[in-house]
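Visitor: I would like to understand how the words used for a structure are tied to numbers. Could you take me through one, term by term?

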Amino acid sequence: MSSSITSVLTENRSFPPPKEFSAGAKVGSMADYEALYRRADQDPDGFWGDVAGELAWEKKWSRVLDWKLPDARWFVGGALNLSVSCLDRHVSTWRKNKAALIWEGEPGDSRVLTYGQLHREVCKAANALTALGVKQGDFVAIYLPMVPEAVIAMLACARLGAPHTVVFGGFSAEALADRIKDAGAKIVITADGGWRRGAIVPLKDNVDRALEGSSVQKVVVVKRCANQVAWRDGRDVWWHDVVDKASVKHEPKAFDSEHPLFSLYTSGTTGKPKGILHTTGGYLTGAYYTTKMVFDLRDDDIFWCTADIGWVTGHSYVVYGPLANGATVLMYEGAPNQPGPDRFWDIIAKWGVTVFYTAPTAIRAFMRWGDEWPAKHDLSSLRLLGSVGEPINPEAWMWYRKQIGADRCPIVDTWWQTETGAIMISPLPGATPTKPGSATRPLPGIAADVVLKDGTPCKANEGGFLVIKKPWPSMLRTIFGDHDRFQKTYFGEVAGVYFAGDGARKDEDGYFWVMGRVDDVINVAGHRLSTMEVESALVSHPKVAEAAVVGRPDELKGQAIVAFVTPRQGFVADDALAKELREHVSAQIGALARPEEIRFAEALPKTRSGKIMRRLLREVASGSKARGDTTTLEDQGVLEKLAQSFSNED
Ligand code: PRX
């Protein structure tokens, strides 16, 4: 990645926004961007107060911000019900009969819900959840496929002030169990299954296994696939049994601006995922503002963010951001290559999608599948393209621009994180000239910079830590249940500022080039994983004595997982064991964490103080071609020799 970024830096190719786009845009020139940035910088309270004022508040705040590092309270004293901003206020206007959600299932079925209908469904679900005992402050776990009920469930929880914790359907029963336990969820909403690549993902089965010995009292099951599921009377209820008969009337209660809205688990540098906690008023302000500005949203847009609701991108840009703006959201259940590699292009042409937001890994897969697939479809409805989740290599950026955007749609490469809640660094499509591979400049209101460990700003093109110097409304408030870890992780690395693990550089135009993580977090196909998490899964296997996991650059996925494993005495390091271990990791975490390659070693190279030499292992892993499933036994002599040359790592 870094070499291609360097080549572009030298080339410094830049694409100005198309004139027709700028003419109608909310921010149409760099001068306007600079003015907005300056205003936000000089008067953050005034700036964010104005943005928040565009949402529906029951009670206005008395102060915009209380900031005592690392604790921020935004819109202090304000009260709102988030679902009112996303639903009720649109239903009282012409948008009542506007499509809020256009949904397509993988088998080809579809549903359209207007704002009026979505509002009714959310009210019904809120009443049903109340009848099941859900109260303000109770955590609800959501483990659903990409079906409308996922959006309805999230909004119903928000309406009740019951924070949700959505768990991606690709996570295993074990991972689900950990998250349910950590959040202390009382209730789980799931489905009999979801469609993925023509097969059913057995979500309810996973929930049953996850709940063994747990205190969860109710499981609400959406019928999606007519899949046979085991049933526990008294605990399990069908969604349609409880929601369909519930009243469509539900009086929303206003909650404090800082009332928890959701926790979402993400990988940090330890083996234990962190529950990132977001609250109501500030989060919604960030999601609303960025959707409006970064996607230059218009009322006639059909906005498609391909992320699953199990990730923060799905929270902010499938659900809360677009709905707070009264937009029409497209949602698709399944895989991009089902039944063929042109499924996405078929959907864009069929529904007239105007804004398309996806991940570099997907773009690289499309490139590999061939230009003929998008070429078969009329993509002329598109006006803006977005990218998120990992650095986009300039080759993929150029392909996206040409083959999907017909050299006419601006591309917004958006940098942000689960912790930031909303987009932080991104072009404004009507204003910012783009450079392939750069997320360009921070949004107005976001004080991003690249600094050295002691906080000194880096010189142009000097690599350093990507930090945020001032609080912003959608910032995480804590790590659920571990405020100390929150303080240490995010505010303990570089004194006085937020740092969440990325290295970057700023070029002479002030453009940010994100270089990737500088910690032990790896990004596999846009999914964030901690090497320690995978290592913990490996060493929990009875045949493993020791394991070290590193990322290796991968053309398609950005990074691939390579595991170095020392088997316990008496066990043979062979293909069968490698296969067993890969399956074990998959069962412990989910298929997304399955190592690409397992390499056996008699002993792992260590420093004198006993630390595994990860840098060495990274080099060993990157130095060889992908070997897929095959087993490799490291030459111990070579490892030892290498270890000597790396001994300064101690
Ligand atoms: O390393 C950065 C990378 O993804 C990390 C955040 O992952 P997560 O919390 O799962 O959220 C993903 C979706 C917002 C970041 O620390 N990342 C995200 N977007 C970009 C990126 N790296 C480079 N360019 C991006 N546009």
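Guide: What follows is a conversation about the ligand, the confidence values, the domains and some backbone angles. This is a predicted model, in which local features need pLDDT of at least 70 and side-chain atom pairs count only at pLDDT 80 or more, while totals for chains, interfaces and linings use all residues. Residues are numbered from 1 along each chain as its sequence is written, and side-chain values use heavy atoms, with hydrogens and water left out.

Visitor: What makes a residue one of the 16 that surround the ligand?

Guide: A residue is near a molecule if one of its heavy atoms lies within 4 Å of it. The closest of the 16 are Asp413, Thr414, Thr418, Asp502 and Arg528.

Visitor: Why is the pair formed by Asp413 and a nitrogen atom of the ligand called a polar contact?

Guide: A polar contact is a pair of N or O atoms within 3.5 Å (within protein, one must be able to donate a hydrogen and the other to accept it, and residues adjacent in sequence count only if both atoms are side-chain atoms). An N or O atom in the side chain of Asp413 is 2.8 Å from a nitrogen atom of the ligand, and therefore the pair qualifies. A polar side-chain atom of Arg517 lies 2.9 Å from an oxygen atom of the ligand, and a backbone N or O atom of Gly389 lies 3.1 Å from a ligand nitrogen atom.

Visitor: How do you know how confident the predictor is in this model?

Guide: The pLDDT is the predictor's confidence in each residue, from 0 to 100; the protein averages 94, and 96% of the residues score at least 70. Over residues 1–10, however, the pLDDT is below 50, and it also stays under 50 over residues 626–630. Where pLDDT is low, the predicted coordinates should not be read in detail.

Visitor: How do you know which residues belong to domain 1 and domain 2?

Guide: The bounds come from an automatic or database domain assignment, which gives domain 1 as 114–256 and domain 2 as 521–649. Their centres, taken over C-alpha atoms, are 36 Å apart. Six residues of domain 1 are in contact (heavy atoms within 4.5 Å) with eight residues of domain 2.

Visitor: What makes Phe75 and the bond between Leu69 and Pro70 worth pointing out?

Guide: Most residues other than glycine have a negative phi, and most peptide bonds are trans. Phe75 is not a glycine, yet its phi is positive, about 55°. The peptide bond joining Leu69 and Pro70 is cis, with omega about 5°.
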